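Let's take a walk through this model together, beginning with the whole chain and then settling on one helix.

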Amino acid sequence: MKKYLALLLALVMVFSFAACGNNGEDKTADFKAGFIFLHDENSTYDLNFLNAAKEACEALGVEYVIKVNIPESEACYDAAAELVDDGCTYIFADSFGHEPYMLQAAKEFPEVEFCHATGTQAHTAGVPNYHNAFANIYEGRFLGGVAAGLKLNEMIAAGEFTAEEAKVGYIGAFPYAEVISGMTSFFLGVRYACPSATMDVTFTNSWYDPTLEQEGAVKLINNGCKLISLHADSMGAPTECQNKGVPFVFYNGSAMDACPDTYIVASYINWAPYMTYSMQAAMNGETIAADWNGTLENGGVALKELNENVAAEGTKAKLEEVKAALLNGSIKVFDTSTFTVNGQTLTSYMADVDDMGDFVPETEAISGGYFHESEYRSAPYFDMFIDGITNLDA
């Protein structure tokens, strides 16, 4: 017994020493993190970040300050400056429109590390303490689409509608590359399982608007959509789906409890790995990548729990099979043999990867038979409407 107690004590001392660094100094003692979020916990998008920030900070033993409901305006710079004054040496912001203000703050406070989700300029700005991060969420969206396609097949087999009537609906926030990439990868996943499927899309032109998202769901359902998915941040659309008995695939959070009869699954970006990595690097004085990418492999892309009471039989096993194929590269989400644009198979596409504010495409994004999404920068740049998707707002 004494031998085991001695071994346990030794392990505790080793881990304690490792946490404090090579010189035994606690590196968390003078380290404080600040977080800037566009909305609060009522937004599924921001709640996802809130949960990740708390998880990462508490695991590292880091003191943190969170500012919520910070708009994409000068208010973001003000919030960053206040966090610096409050002693934060690491500051993270979560919305695309925060970028110019975070970049402004990074230039003004070079001793502070500024990390920004969904941005595009870190790899060209040349500001050493400013960093972008995103994830290959298109892989998670594709998996969600596969689950949706399997559900369509089940409904077709049950005689609820014909294969030709297999139409899904998608509620997008803005017609930006981030949203277009996500809706397209979802649709390609649907078609992977249900080749006859088509998709209608409508946009709210807002990241968070419960009323507009609910109205979008009504519009799509009334237009004959049998299943709904979305890139929007409230429970407006899921609640409508639950009320109408229409199955849906969610984003960022589980709706298992609120919508037990219609929720299938949700994909999400797990930000905890990035926050842990970047905060540890900042504490150790190490370089943080200018442009970090979350993946299925590093845990940055994941699925919430599958609602097997709603999902088609065999969905769990199929998702594991497709996930393995994505990991080994045998499935490419944007395989150009699986879609057309204006009736044509694409062999070349110039993308605006180096975002200089001029919207001039400069990077060939297609090679090897697929569109190389999020490989030349982390934020998405797939911005085409492919055949089979109808924009109801056009």
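Of the 394 residues in the protein chain, 54% are buried. Please keep in mind that this is a predicted model. Its secondary structure amounts to eleven helices and 17 strands. The chain has a radius of gyration of 22 Å, close to the 21 Å given by the globule rule for 394 residues, so it is as compact as a globular protein of that length. Along the principal axes, its C-alpha atoms fill a box of roughly 70 × 65 × 45 Å. Among contacts with a separation of 6 or more, 66% join residues 24 or more positions apart. As for the outside, the accessible surface comes to about 16600 Å², and carbon and sulfur atoms hold 52% of that.

Now let's turn to helix α11, which covers residues 315-328. From first C-alpha to last, its 14 residues reach 20 Å, close to the 20 Å expected at 1.5 Å a residue. Which residues of α11 are buried? They are Thr315, Leu319, Val322, Ala325 and Leu326. Viewed down the axis of α11, these buried residues fall within an arc of 125°, so they line one face of the helix. The general geometry helps here: an α-helix has 3.6 residues a turn, so residues three or four places apart point the same way.

What covers that buried set includes α6 (137-157), α7 (177-193) and β12 (301-303). On the other side of α11, Lys316, Ala317, Glu320 and Asn328 are exposed. Just after the helix comes glycine 329, with a positive phi of about 85°.

Note on methods:
Residues numbered from 1 in each chain as written. Predicted model: local features only at pLDDT ≥ 70, side-chain atom pairs only at ≥ 80, totals over all residues. Heavy atoms only, no water. Helix = DSSP H or I, 4+ residues; strand = E, 2+ residues; numbered from the N terminus. Expected span 1.5 Å × (residues − 1). Buried < 20%, exposed > 50% of the residue type's maximum accessible area, 1.4 Å probe, protein only. Arc of directions from axis to C-beta. Contact = heavy atoms within 4.5 Å. Rg over C-alpha atoms; globule rule 2.2 N^0.38 Å. Areas by Shrake-Rupley, 256 points an atom, 1.4 Å probe, with all protein chains shown as cover.
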